[in-house]
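Please find below a colleague's note on the strand arrangement of this entry. The points are numbered for ease of reply.

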Amino acid sequence: MLAFIRLITKIGIPIILGCLIALYLLPSNNSYLFTCKDAFSKRVKKEFIDTAKDWTVKVKKINVSTHGNTNKGKVVRSRFIATELGIKEKLIVIILGQSSLSVALNNSIGEHIPRLHVFADVSRIDPDMNTLGNLSPYKPNGQHAHIHILNGISNMTFHENYDWFFLLPDTTYVNPFELMRLVNGINWNNPTAIGMSDKEGKCLLEAGILLSNPAMQSLIQQRHICNSVTASSDAIALEMCIHHATNLSCVRNYQNKQFRWWKVEENNRVDSSIHESISNLSSNNIFNQSLTVSSLLSDLDARSLHNHFVNVEIDLMEKKINGLSDTIEKLTFDDGAPTWPIGINPITKPPNRYLSPTWEYFTESYIFKNNPVENRYPLENDDLMDVKEIIVAARRFIEKKFKITADFEGESLDHLISFNHEENQKFTSLLEGEYDFSTMSFSKLRQGYRIFNAQRGMEYIVDLDYSFFTNNGGEIVPIRVRLIRPIHRTQLLNQVPYVKEDTDLTIVIGVQNHIEMDGAVRIINKHASYCSIPTFDENRKTLIVVAVRSLPANYFDDITRSLNHLRNKCKQVSTDGAIVALKDSDTMIQIAAMNEVVDRYGQQMVYLLLSPHADYSKEFMDRVRINTIRHFQVFFPIPFVQFNPLVVNADKIINNLASEHENVQDSFKQDINEDELSLDLLVEDQELIKKILAINELYPIADNTKEIIVHKDFGFFDTNDFSCLSLYGSDYLAVRKRIEEKSKIYDLSSLFLNIDDIHFLRTIEPLIKIRSYTRECSEEFPKQDLERCYASRKMSYGSKAQLANIVFTDLAKLKTRVHLFL
């Protein structure tokens with residue numbers, strides 16, 4: 001009994017205390033624990049009141065920060081248009097190299113196919129093969145070659161980037177023209193192996209094996225099956241591997257196309273080699289249509305075969321051109337005759353005489369180009385080669401047409417040359433007489449004209465003088481012919497991105513005097529104003545670097561304040577600025593700035609080198625990212641260069657006063673600060689300079705606060721200006737070694753000439769302007785650079801009409817007219 005009482009005491013007392021504490025802490029009046037059941041039911045069963053008519057929808061806008069997560073929700077575009085559209089390269093030829101024959105095949109057929117790659121055993125690579133840039137060596141390690149070749153194809157992702165794969169040894173020549181016709185005329189979507197097969201169904205590597213993309217994908221995925229393949233040679237092992245891994249046998253005929261293989265009989269005759277018997281084989285049509293020829297014994301065999309098939313292809317193209325020409329000539333046209341040349345767009349008729357195209361005139365010594373500063377140039381370099389080729393083609397046409405003995409050999413281009421009897425009436429009248437044309441001989445080029453048409457190509461009109469002996473003695477007869485270099489085709493470059501490069505951008509500005517420092521401050525303030533524009537969204541970091549040389553410390557205050565202002569305004573778009581001090585040297589300021597900045601900030605970003613006198617729009621950054629491609633292209637925009645504002649303002653004053661406009665100041669305000677003007681006109685008579693300044697004193701010009709207007713009265717697109725460029729740091733380091741320390745150059749354009757890997761994009765860009773400044777043309781510049789510098793300086797003064805208006809205006813009468821208005 002006592003034990004039970006103890007248990008109740010231990011359990012009951014804590015429970016009672018807990019209940020008392022709970023009752024003490026809970027509210028006593030408003031709690032439903034102390035409310036009767038009826039009251040509780042009434043509270044729950046409240047009457048429903050419909051208030052939907054008073055509801056309003058409130059959409060809460062999410063504040064998207066421009067910093068950090070700018071790419072969230074953004075559609076990610078492919079870098080290349082080929083990737084987005086699923087376009088692959090059509091063909092890759094894979095050669096199993098064993099000797100220097102691989103080099104001969106690479107040099108002959110490599111230019112006519114999209115891609116060629118060579119796999120070779122390390123022990124078989126000689127010095128000639130080692131020079132190949134598309135060579136992949138491997139070590140056999142007791143295994144057959146196909147194991148290493150298939151692994152190499154997989155590692156380099158060839159099986160994902162091409163529609164067709166052609167495998168062959170270096171002892172077999174492939175006709176690249178027939179091969180491209182074959183792959184362009186058949187479908188690659190099905191697993192297919194095309195070639196010659198043996199009795200067991202295996203493909204013969206000696207004849208060449210053409211695999212479709214699905215077949216190669218299957219071969220790469222099942223290549224582990226080939227590890228246990230044993231054979232007497234690497235070629236047989238590869239044939240067995242293809243047969244077992246893909247379960248395919250080579251077919252000779254596929255989709256109405258036939259695989260033709262010509263095998264040269266092996267014997268001990270002296271003329272058994274291909275290059276000695278090719279003259280006999282060339283008359284065989286089956287041989288001329290062969291896709292592959294084997295076996296090659298020497299490099300001479302490969303070169304002889306390639307030259308032969310090139311000639312066969314030229315003959316075939318000429319037959320097609322002549323056939324199409326005959327067909328088109330038989331058609332009926334609204335204007336009565338087809339265009340010349342046949343198949344090329346006709347000449348577009350200009351809407352008025354002001355838009356008529358301008359031809360370039362040339363003789364044997366000079367060429368007159370469309371240049372507002374100086375139009376006569378000596379005929380040399382590329383222009384000389386161009387004119388010589390045209391003369392040769394024109395002579396061959398004339399002397400072949402009229403059976404005149406020719407003392408040279410040239411290419412037949414009759415379909416690109418035109419002879420008009422109405423333009424050659426004197427020569428036509430001689431044709432009607434009985435004269436011996438064998439006595440005619442070429443004398444000289446009298447004159448010629450040329451023009452470039454973006455739809456047709458380069459067109460020429462040449463007048464050739466021929467000496468002709470008649471009964472009255474010797475006579476010179478001019479003959480006019482028309483020629484054209486057509487634009488044959490355009491090609492989509494898969495390796496060129498069609499979206500702007502998403503990479504960091506560094507803007508470099510070289511400064512070495514106070515005027516250029518003011519220009520750099522203007523550029524930084526302008527860029528800071530773009531950061532407050534909502535559409536100005538920079539996904540990657542932008543850095544503005546001012547490279548300063550030979551300036552005292554007190555000049556750095558303005559640039560430091562501008563950079564601080566830039567950092568405050570552009571925090572959310574990751575834009576920053578920096579100052580780099582350069583060592584004193586005679587090196588060109590642009591080169592010194594790029595050397596220091598690229599070494600400091602790395603070579604993986606885009607660098608935009610700007611003139612301190614530049615003024616650009618915010619969209620120009622996108623143009624830079626689009627047009628600059630790593631290891632492929634550098635961008636040199638053609639800027640709009642401002643005329644000297646004093647000249648422009650003086651011309652406006654004269655025109656307005658002449659038309660009796662009273663409010664001259666309000667009618668024109670040129671945006672320039674008079675303190676920054678430089679009027680170095682380089683004329684011996686200083687009266688012209690005094691005259692321009694006197695006219696400007698009548699109505700002073702306004703401050704430089706607005707944008708430069710892109711108009712022919714305010715400036716021009718200077719094709720001689722290369723002061724602005726964009727490129728990757730790695731591309732600059734690749735050409736930096738071409739800079740000579742002691743030589744002086746006008747700009748960096750010469751560094752990228754005659755380079756095969758890096759292209760040079762030059763295009764008119766109205767989004768970047770160059771403010772008026774005095775160009776310093778050093779006599780130490782190379783001749784071409786000095787001529788470009790002088791031409792830019794002369795053209796930057798003003799237009800010919802503006803300068804002529806100032807020169808022929810009487811200043812005394814002009815001041816009298818101003819007083820009348822006042």
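**Notes on strand pairing and burial**

1. The structure is a predicted model. Within strand β27, threonine 763 is the bridge partner of proline 637. This pair belongs to the parallel pairing of β24 with β27 (residues 759–770), which extends over eight bridges.

2. Strand β24 also pairs with β25 (residues 715–717), here in the antiparallel sense and over three bridges. Phenylalanine 640 has phenylalanine 717 of β25 as its bridge partner.

3. Strand β24 (residues 633–642) is largely enclosed by the rest of the structure, because 10 of its 10 residues are buried, buried being under 20% relative accessible area. In a regular strand, side chains alternate between the two faces of the sheet. Both faces of β24 are covered: one side carries the buried residues Gln633, Phe635, Pro637, Pro639 and Val641, and the other carries Val634, Phe636, Ile638, Phe640 and Gln642, also buried.

4. An open sheet of six strands follows the order β3-β2-β1-β4-β7-β6, and its pairing is mixed. Strands β3 (135–138) and β6 (193–195) form the edges, each pairing on one side only. From one strand to the next, the twist averages 20°.

5. Within that order, β4 (residues 162–169) and β7 (residues 209–212) pair in the antiparallel sense over four bridges. Phenylalanine 165 stands opposite leucine 211 of β7. Helix α7 (residues 213–221) lies across β4 and β7 and runs at about 90° to β7.

Key. Residues are numbered from 1 along each chain as its sequence is written. This is a predicted model: local features need pLDDT of at least 70, side-chain atom pairs count only at pLDDT 80 or more; totals for chains, interfaces and linings use all residues. Side-chain values use heavy atoms; hydrogens and water are left out. Buried means under 20% relative accessible area, exposed over 50%, partly exposed in between (1.4 Å probe, protein chains only). Helices (H or I, at least four residues) and strands (E, at least two) are DSSP runs, numbered from the N terminus. Two strands pair if DSSP finds at least two bridges between them. Axes are lines fitted to C-alpha atoms, for helices over the stretch in contact, and angles run from 0 to 180 degrees between N-to-C directions. Contact means heavy atoms within 4.5 Å.
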